[in-house]
Amino acid sequence: MPLSGAIQRRGFGGRAGTESTLPMTSADTTQAAAATSSVRRRRKGSGGKTNRVLLVQIILVATVVLVLFTVYAFQKTPSGAGDGGDSEVVAQHAQRHVQTSDGGTLPLAKFSSLSYALANTNLVALYYAASWCPMSTPVTKELESTFSQKAGALLVPGDEASGEDVHRPLAIVYVSSDTSDDEMQQYSRKGWINVPFDSPDRNGLKRHFRVCAKRELQELGFDRKMEIPSIIIIDSVTQGVLTTSGVSDLKEYGDKAIDHWMGLQQLIRALEDKYENEESERERQRKPESRIV
């Protein structure tokens, strides 16, 4: 067979007067695939570079925004806020809140069994629990193990008899739902301050914060907000509630829980100071300026 005929039959339907196209060999296919892959790599590399540049720009913008926000917040925060060691700031805050504007008493002043704890601590933890309550047992063990390792953290009953400065960061006050004084005494732990079993304060504190066991609801006659076990953290100076999530905090923070509560105290005090300063400024602006005649 002539060579031209063989070439014609290997073509792709070549017509008279036109050149026949030879089919692609394996070498041609390999070269084409390599060229295509190279183009794709260049495109992918270019896209990846673009994405990296965009990510860097986003990070830079976020950093600038964070720095500006931090500077603004620092300028707005009252001097001394958040500094737990600044006794002068704390003392000024205490004086302002003890002398209420309407001459009224503080929220917990009616509970005489809390007087010692409130007067000698930064924080008071009201612990509502009972010896017969199985859910109280792990919380009691956590309290005991946590604060037994922090020497000097707890206000101990009877410290005032020593004649020394008895001020401590925290007091744990046990508000019992036990069925007898013996049960309460056996269940209470070293370093806790018990609200006396026969004191009206024991049920009074349950009504005040609406915390009790289910079996006590009919006797106490109120709609409870929390069941036992519960831990309510009180600011000893303002006698305001810092948190009702003391049990969760204890599980989450362990021996750092007291630091967490002190942080909450400083934050809330700073916010109160800021609010009071703004109110004073608005009041000053509302008053007409005196004119010298």
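Reader: Which elements do the buried residues of helix 9 pack against?

Author: In this predicted model, the buried residues of helix 9 make contacts with two helices and two strands. The helices are helix 5 (136–148) and helix 10 (257–286). The strands are strand 4 (230–235) and strand 5 (241–243).

Reader: Which residues of helix 9 are buried, and on how wide an arc do they lie?

Author: Helix 9 covers residues 246–253, and its buried residues are Gly 246, Val 247, Asp 249 and Leu 250. Because they span an arc of only 165° around the axis, they are on the same side of helix 9. Lys 251 and Glu 252, on the other side, are exposed. The arc of the buried residues is thus 165°.

Reader: Is the pair of Tyr 127 and Tyr 174 stacked, tilted or edge-to-face?

Author: The ring centres of Tyr 127 and Tyr 174 lie 6.1 Å apart, and the planes meet at 35°. Planes under 30 degrees apart would count as stacked, and over 60 as edge-to-face. The angle of 35° falls under neither, so the pair is tilted.

Reader: How many residues apart are Tyr 127 and Trp 192?

Author: Tyr 127 and Trp 192 form an edge-to-face pair, 5.4 Å from centre to centre with 85° between the planes. Tyr 127 is in strand 1 and Trp 192 in strand 3, so the pair links distant parts of the chain, 65 residues apart.

Reader: Is Trp 192 buried or exposed?

Author: Buried means under 20% relative accessible area. Trp 192 has a relative accessible area of 4%, so Trp 192 is buried.

Terms used. Residues numbered from 1 in each chain as written. Predicted model: local features only at pLDDT ≥ 70, side-chain atom pairs only at ≥ 80, totals over all residues. Heavy atoms only, no water. Buried < 20%, exposed > 50% of the residue type's maximum accessible area, 1.4 Å probe, protein only. Helix = DSSP H or I, 4+ residues; strand = E, 2+ residues; numbered from the N terminus. Arc of directions from axis to C-beta. Contact = heavy atoms within 4.5 Å. Phe/Tyr/Trp six-rings, centres within 6.5 Å; stacked < 30°, edge-to-face > 60°.
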